[in-house]
Amino acid sequence: MWAKRFTTILGVCLLGGMGLLGQHGAMAVTVDDFERAEPGIPSSPVSTVSIIDIDQPPATGKVLCVAWPDTHPIFVETNYAKPIPMTTKAGELSALRFDLWTPAAPSIAQVNMRILDARGQVFQWVLKIPPQPSAGWRTFVIPLDVTLAQFWAGPNDGKLVHPMKLFGFTWNFANTRIPAGQLLVDNIRLEPHPSDRKSTRLN
């Protein structure tokens, strides 16, 4: 039942290139823009992680690149060597927004985003990626609602304690026969929850 709710609630796809102000005036803040030389995420036998330069709006400059070979499992993991601190308090800026480039379908079918809380507990939110006929950028928002999260490690009690850190992602393929390819990620930001959409768009 919860998986069905993930698909409905977390499948928020937005146009890129605009900021958001919540009903309490909270502005989106950058968690990771990848403007550096090294990704800070180790590669593995089934994924090569790097930072590359592009000019493909909404993403310009440096972006995270995750490449995979022809032979791979149904998913690959990309976790930070040092999780990224997320400056927020309980009830504030409670959604993660990011830009994602994927190949044409079938390719990436699901993203699992992982957060580490102050007690070492891992929370994971699942986002189904709607198939698209051509490669391109899309912007997604994942509300950080703990009632919809999987959790493990630490006290393993499902209670998220601030401050949080961005722990990483897993990328699920549509199937294990997807050929070698890559995905790109940019502009990971914290912003008001989508339910706070008495918001002002900024050009």
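This tour moves through salt bridges and then the nonpolar cores of a predicted model.

**Stop 1: a bridge between strands 6 and 8**

The whole structure holds six salt bridges. Start with Glu-77 and Arg-114. Select both side chains. Their closest N and O atoms are 2.8 Å apart. Glu-77 belongs to strand 6 (residues 75-86), and Arg-114 to strand 8 (residues 108-116). The two are 37 residues apart, so this pair ties together distant parts of the chain.

Now turn on the surface. Is Arg-114 buried or exposed? Arg-114 counts as buried because its relative accessibility is 9%, under the 20% cut-off. Glu-77 comes out at 40%, so Glu-77 counts as partly exposed.

**Stop 2: a buried pair**

Next, select Arg-97 and Glu-191. Their side chains form a salt bridge, with 3.6 Å from N to O. Arg-97 sits in strand 7 (residues 95-102). Glu-191 sits in strand 13 (residues 181-191). Along the chain, 94 residues separate them. Both Arg-97 and Glu-191 are buried.

**Stop 3: two loops meet**

Move to Asp-157 and Arg-119. Here the salt bridge spans 2.8 Å, N to O. Both partners are in loops. Asp-157 is in the one between strand 11 (150-152) and strand 12 (164-173). Arg-119 is in the one between strand 8 and strand 9 (122-128). They lie 38 residues apart in the chain. Asp-157 is partly exposed, at 34% relative accessible area. Arg-119 is partly exposed too, at 36%.

Stay here and add His-162. Where does His-162 lie? Look in the loop between strand 11 and strand 12. His-162 counts as partly exposed, at 27% relative accessibility. Measure from the C-alpha of His-162 to that of Arg-119: the separation is 8.6 Å, with their positions 43 residues apart along the chain.

**Stop 4: the largest core**

Hide the charged pairs. Select Leu-96, Leu-166, Trp-171 and Ile-188. These touch the most other members of the largest nonpolar core, which has 38 residues. Which strand gives the most to this core? Strand 12 does, with five residues.

Zoom in on Leu-166. Leaving aside residues up to four places away in sequence, Leu-166 touches residues including Val-31, Tyr-80, Pro-83, Met-86 and Met-113. Leu-96 and Ile-188 are also among its contacts. So is Arg-114, the salt-bridge partner of Glu-77 from the opening stop.

**Stop 5: a separate core**

Finish with Ala-59, Cys-65, Trp-137 and Leu-184. They are among the seven residues of another core, which lies apart from the largest one.

Conventions
Residues are numbered from 1 along each chain as its sequence is written. This is a predicted model: local features need pLDDT of at least 70, side-chain atom pairs count only at pLDDT 80 or more; totals for chains, interfaces and linings use all residues. Side-chain values use heavy atoms; hydrogens and water are left out. A salt bridge is a side-chain nitrogen of Lys or Arg within 4 Å of a carboxyl oxygen of Asp or Glu. Helices (H or I, at least four residues) and strands (E, at least two) are DSSP runs, numbered from the N terminus. Buried means under 20% relative accessible area, exposed over 50%, partly exposed in between (1.4 Å probe, protein chains only). A nonpolar core is a set of buried Ala, Val, Leu, Ile, Met, Phe, Trp, Tyr and Cys residues joined through side-chain atoms within 4.5 Å. Contact means heavy atoms within 4.5 Å.
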